[in-house]
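User: I should like a close look at a single part of this protein, after a short view of the whole. Please explain each term as it arises.

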Amino acid sequence: METRKILRNRAYLYLTEFFAGMSVMAVELGASRLLAPYFSSSQIVWTIIIGTIMIAMALGNIYGGKSADKDPNPDRLYKRIIIAAIWIALIPVLGKYIILAISAVVIFAVNANFLIIAAFAACMILFVFPLFLLGTVTPSLVKYAVNDLDDSGKTVGFLNASNTIGSIIGTFVPTFLTIPAVGVSVTFIIFAAILLAIALIYFGSARQKSVRAAVGIGAVILACFTGSTDSFAFWEDNLSFEGESVYNYLQVKEDDRAVYLATNVLFGVQSVYVKDGSLTGMYYDYAMAAPFMADVHEKENLDVLILGMGTGTYATQCGNYFDNLNMEGVEIDQDITDLSVDYFHLSEDIPVVTYDGRAFLNAVDKTYDVIMVDAYQDITIPFQMSTVEFFALVRDHLNPDGVLVINMNMRGQKEGNINQYLSDTVSDVFSEVYTVDCKYNTNRELFASNNPEMLNVFRKNMELEDSSALLSMMQEVRDNLTRYEAGPYLMTDDKAPVELLGMRVIDDIIADEVSYYKQIYQEKGISGLLDEVR
């Protein structure tokens with residue numbers, strides 16, 4: 001038949017395999033970035049993405065082989081590629097709305113594992129079908145490429161190699177080129193267009209018209225005008241900045257009082273700049289007890305290291321109240337550091353190193369009076385900065401009377417929660433460990449030292465403080481500071497299940513937040529719920 005002429009050139013078969021493999025990996029990486037602002041980019045979410053995609057590919061392989069044996073017409077394959085391209089092109093147009101709709105349904109339908117179930121459902125609905133279709137490519141091409149058994153092994157080998165090479169390139173291109181340069185939405189559109197072009201070349205070679213091809217072209221054009229401009233937080237109309245880096249979704253918004261950075265659409269604020277220089281009312285205020293505990297008013301200079309600098313809220317605030325601090329920061333995301341200059345007025349005198357916090361400690365031999373650990377990847381803690389080995393490294397970089405302060409952004413209530421694990425792990429390295437819960441949010445601050453006089457130093461330095469606002473805050477910390485009694489929960493480099501522990505606490509927080517609305521829904525139905533949220 002006429003449409004098969006192009007397939008006599010095996011190079012075209014290899015190109016089809018190459019771009020199919022590339023597109024699969026691009027969609028996988030795009031999926032992680034599409035889901036991250038809503039569900040985080042933790043190992044759990046990655047596991048869900050990889051698992052569902054492998055399911056789709058396996059089913060596609062089975063169906064593709066059976067379909068090619070039953071009807072070896074290549075038109076069927078390239079029509080499936082067009083459908084996959086249309087679906088992928090529409091993901092940035094509709095995906096965010098579908099994710100939020102799924103999340104709303106899941107929150108009201110289940111009592112546990114909200115994020116896991118919602119992320120899994122979103123993956124199944126958004127990504128399984130197009131990747132199932134792309135999974136049919138390899139067995140179908142084998143059918144068209146193998147003419148006899150003499151060179152079947154070589155042909156199959158070249159097809160698999162083409163797919164693998166395409167997958168490798170499809171891993172690097174989105175991560176280092178398209179996502180940082182043009183964003184997730186345009187990345188989906190680019191690879192949808194590539195798949196569509198492959199199919200159009202096939203049908204065009206035989207001068208064969210295809211309704212699916214016309215629909216595909218329309219879908220890509222539609223996505224170019226709608227999907228590429230849509231916001232992750234599409235309900236927000238006052239964002240100063242929204243973008244993506246290699247590591248994070250980034251959102252900056254501003255009101256009359258302050259400027260805020262969020263790296264997750266649904267969960268909290270990561271940095272804040274208060275325009276009048278006053279206290280933030282957040283956990284940064286509590287963390288300012290660390291310089292007092294390290295004898296800030298009795299030392300000529302106090303060396304402070306901040307691991308997880310963000311846009312520099314803690315450094316800026318400390319600079320507003322202390323004039324004898326030598327501060328430096330470590331932030332893995334250079335784009336966040338850039339935002340600190342553009343929107344958050346971080347002093348240019350404070351050096352910020354773009355590096356992983358633990359790797360930085362391994363690379364330097366300097367010691368500090370205060371080390372602040374405030375490193376989060378979306379809503380989860382990097383496991384390598386939560387273990388006994390890490391905190392031992394922190395201890396080795398503290399002066400003998402130095403103080404470690406850790407921000408823990410979620411307070412768990414159940415036995416064996418993430419804060420118990422972190423606190424027990426710190427207690428395995430430091431003799432003095434105290435915690436204080438923040439008054440108006442779910443954060444908890446932990447202070448640790450091997451100086452047995454840490455609290456006496458704290459109180460002595462409070463008496464020397466001349467800022468009434470800061471002194472009042474330190475009195476709040478003093479009155480609520482609790483000595484931590486260590487338990488059996490430890491995290492090591494070999495075993496640190498921070499994602500699972502974090503997800504459990506998030507489940508509890510979500511359950512508590514939506515319990516009121518669930519009750520309204522049960523009593524008054526959907527109409528009553530809509531009346532309540534208006």
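Analyst: The protein chain has an accessible surface of about 23100 Å², and carbon and sulfur atoms hold 56% of it. Such areas come from the Shrake-Rupley method with a 1.4 Å probe, and for residues only the protein chains shown count as cover. The model is predicted: local features need pLDDT of at least 70, side-chain atom pairs count only at pLDDT 80 or more, and totals for chains, interfaces and linings use all residues. Residues are numbered from 1 along each chain as its sequence is written, while side-chain values use heavy atoms and leave out hydrogens and water.

The term pLDDT denotes the predictor's confidence in each residue, from 0 to 100. Its mean over the protein chain is 86, with 87% of the residues at 70 or more. Among the elements, strand β8 (residues 368-373) has the highest mean, 98, and helix α18 (residues 498-533) the lowest, 68. Where pLDDT is low, predicted coordinates should not be read in detail.

The protein chain contains 18 helices and 12 strands; these are DSSP runs numbered from the N terminus, with helices (H or I) of at least four residues and strands (E) of at least two. Of its 534 residues, 56% are buried. Buried means under 20% relative accessible area, exposed over 50%, and partly exposed in between, with a 1.4 Å probe and protein chains only. A contact means heavy atoms within 4.5 Å. Among the contacts with a separation of 6 or more, 74% link residues 24 or more positions apart.

The part chosen for the close look is an open sheet of eight strands with mixed pairing, in the order β7-β6-β5-β8-β9-β11-β10-β12. Its edge strands, each paired on one side only, are β7 (352-353) and β12 (482-483). Two strands pair if DSSP finds at least two bridges between them.

We may now follow some of these pairings across the sheet. Strand β5 (residues 302-307) runs parallel to β8, with four bridges between them; here Val 304 faces Val 370 of β8. Next, β8 and β9 are also parallel and are joined by five bridges, and Met 372 stands opposite Val 405 in β9. On going from β9 to strand β11 (residues 444-449), the sense is antiparallel, again over five bridges. In this pairing, Asn 407 has Glu 445 of β11 as its bridge partner.

How much of β9 is covered? Strand β9 spans residues 398-408, and nine of its 11 residues are buried.

Two helices that meet the sheet complete the picture. Helix α14 (residues 388-396) lies across β5, β8 and β9, and runs at about 140° to β9. Such angles, from 0 to 180 degrees, are taken between N-to-C directions, along axes that are lines fitted to C-alpha atoms, for helices over the stretch in contact.

The other helix, α11 (residues 313-321), is mostly covered, with seven of its nine residues buried. The buried residues include Thr 313, Tyr 314, Cys 318 and Tyr 321. To see where α11 meets the sheet, return to the pairing of β5 with β8, parallel over four bridges. Helix α11 packs on the sheet and touches β5, β6 (325-330), β8 and β9, and its direction makes about 175° with that of β6.
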